[in-house]
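User: I'm new to this one. Can you walk me through it?
Analyst: Sure, here it is.
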Amino acid sequence: MTDPRVEEVLARLTDLRAGDAPTRGGRVLSYVYDPGLAVVDELARRAAEQVQHVNGLDPTAFGSVARMEADVIGFAAGLVHGADTVGVVTSGGTESCLLAVKSARDRWRTRHPGVAGPPVIVAPVTAHAAFHKAAEYFGLHLDRVPVGTDGTVGADQLIGRCDERTALVVVSAPNYPFGVIDPVAEVAPRAAALGIACHVDACIGGWVLPFWGEPLPRWDFRISGVASMSLDAHKYGYSPKGVSVLLFADRDAKRAASFATTEWPGYPVVNPTMLGSRSATSLAAAWAVLQYLGVDGLAELTARTRRATEALLGVVAGIDGLRVVGTPAGPLFAVRTDPDVDSGRGVDPHQWSDRVRELGWTLQPQPGLRQRSGQALAPTTHLTITPVTADNLDALTAAMVRAADDVRGRPPIDLSALPDALPALRSEATLDSAAAGEILAALGLADGGPTLPDQLAPVMALLEVIDPARAQELLTELLARLNENPAAPCG
Ligand SMILES: *Cc1c(COP(=O)(O)O)cnc(C)c1O
């Protein structure tokens, strides 16, 4: 390419990217999944390039799309013993979860014509936020069932909430916050006996648990009553973002996830997923990566991930004042303050993760949660382990240990007085954009342009003491401001 403007534009993008969290090298322990294999990235890039202008809207015009989808769906189905399943390829875990809910809702409506809505999703509080979104978008009620402080929920707790209004029970393999596998084998058959669909959210576990090894409870389609399952190829399938698989045990359930209309003067519309026109680049990249890695490649990467995970669980166990939440099964876990040490030795997980970040590693703070049972879930810091973590164990361990030494004994940040200082935060009234903006400014989060604070511990502490509705409004405003820059001229 000889046009110098091409290089100029790309150089500007390089500058923009310089400030980003690094996507490779294992420095960020969430969001990105690094197999540590440069060849996989190169392959994905070249595969995406080949389909750059394909429109996945119409697999009759672009037969390659249907073929690649069939291959990716078949690969996923094979991993989870879903020989008789059918599926769709979506843009990610959220879309897979949304469509599982739409399918269950529409089938519930057909089967319960006399029951007044809204239909209900029964799920542990640890189920992914995508189900909150699905409930909101599709007009269902989400019944969030409390879990124990170890992140587990009993089958009786879930099934006990089910009645004729229940359209879907959700279990996770594993859940994202704590890496704990829900009791799929106890829940799915009992849900099925009640005529209720059971979705297994294996968004994060689907491409890694099949290779994890013992001991692991069963969670896949060998269990009768599993109606649908989501598996994100853009997590432990090591594909670039934008691709997930949703499997259904029943062809009619897949049909209920899709949308079709012939009642407009344009082309007949059949959309098996939520988008209309859609890129095939992520699909092609995932298809290529999965063809290349195959079962053997995924197994080998999982073995490295497991070694790294076990090593880090051991590191946390050896840090005075911290403790792993529950018994995680798979490559993710959460760390909390050890409740059994006196406060002088406790390590606050959010001040710890802020300190770990200053030392060069990004972990993910998770706020504590009040459940309706009255039992609170402690604030935690989440770690997602990938194969490349195995190459970095010594340096990461040193940072984790040192950060704990640096913050040990510091009390958790207490912002309970702040809502008094900022009455709008205590109010029951909705904050509009302007009111939310004023609060952000008062908190020092709206000055100096679109940047986020370095220290996340105070942000988490604030979220824990204010009404969730106010927290959601504030965060929405904070994010909305990040891409607002009306003064910038085009180009
Ligand atoms: C990541 C994840 C999701 C949502 O997936 P996105 O790809 O981020 O949309 C849903 N459930 C679980 C368990 C996840 O880990």
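User: By class, which residues make up the shell around the ligand?
Analyst: The shell has three nonpolar, five polar and three charged residues. Here Ala, Val, Leu, Ile, Met, Phe, Trp, Tyr, Cys and Pro count as nonpolar, Asp, Glu, Lys and Arg as charged, and the others, Gly among them, as polar. Keep in mind that this is a predicted model: local features need pLDDT of at least 70, side-chain atom pairs count only at pLDDT 80 or more, and totals for chains, interfaces and linings use all residues. Residues are numbered from 1 along each chain as its sequence is written, and side-chain values use heavy atoms, leaving out hydrogens and water.
User: Which residues surround the ligand?
Analyst: Gly92, Gly93, Thr94, His128, Tyr176, Asp201, Cys203, Ile204, Asp232, His234 and Lys235. Each has a heavy atom within 4 Å of the ligand.
User: What does Asp201 do there, in distance terms?
Analyst: A polar atom in the Asp201 side chain lies 2.6 Å from a ligand nitrogen. For His234, a side-chain N or O atom is 2.7 Å from a ligand oxygen. Asp232 has a polar side-chain atom 3.4 Å from an oxygen atom of the ligand.
User: How much of the ligand's accessible area does the protein cover?
Analyst: 85% of the 380 Å² that the ligand has on its own. That area comes from the Shrake-Rupley method with a 1.4 Å probe.
User: New topic. Which residues touch the most other members of the largest nonpolar core?
Analyst: Val200, Trp207, Trp219, Met229 and Leu247, out of 76 residues. A nonpolar core is a set of buried Ala, Val, Leu, Ile, Met, Phe, Trp, Tyr and Cys residues joined through side-chain atoms within 4.5 Å. Buried means under 20% relative accessible area, exposed over 50%, partly exposed in between (1.4 Å probe, protein chains only).
User: Which helix gives the most to this core?
Analyst: Helix H9, residues 281-317, with 10 residues. Helices (H or I, at least four residues) and strands (E, at least two) are DSSP runs, numbered from the N terminus.
User: Where are the cis peptide bonds you can point to?
Analyst: One joins Gly117 and Pro118, with omega about -5 degrees. Another joins Glu214 and Pro215, at about -15 degrees. Pro118 sits in the loop between helix H4 (93-111) and strand E2 (120-124).
User: And Tyr238, buried or exposed?
Analyst: Tyr238 is buried, at 3% relative accessible area. Its phi is positive, about 60 degrees, although it is not a glycine.

Notes:
Polar contact = N/O pair within 3.5 Å; in protein donor to acceptor, adjacent residues only side chain to side chain.
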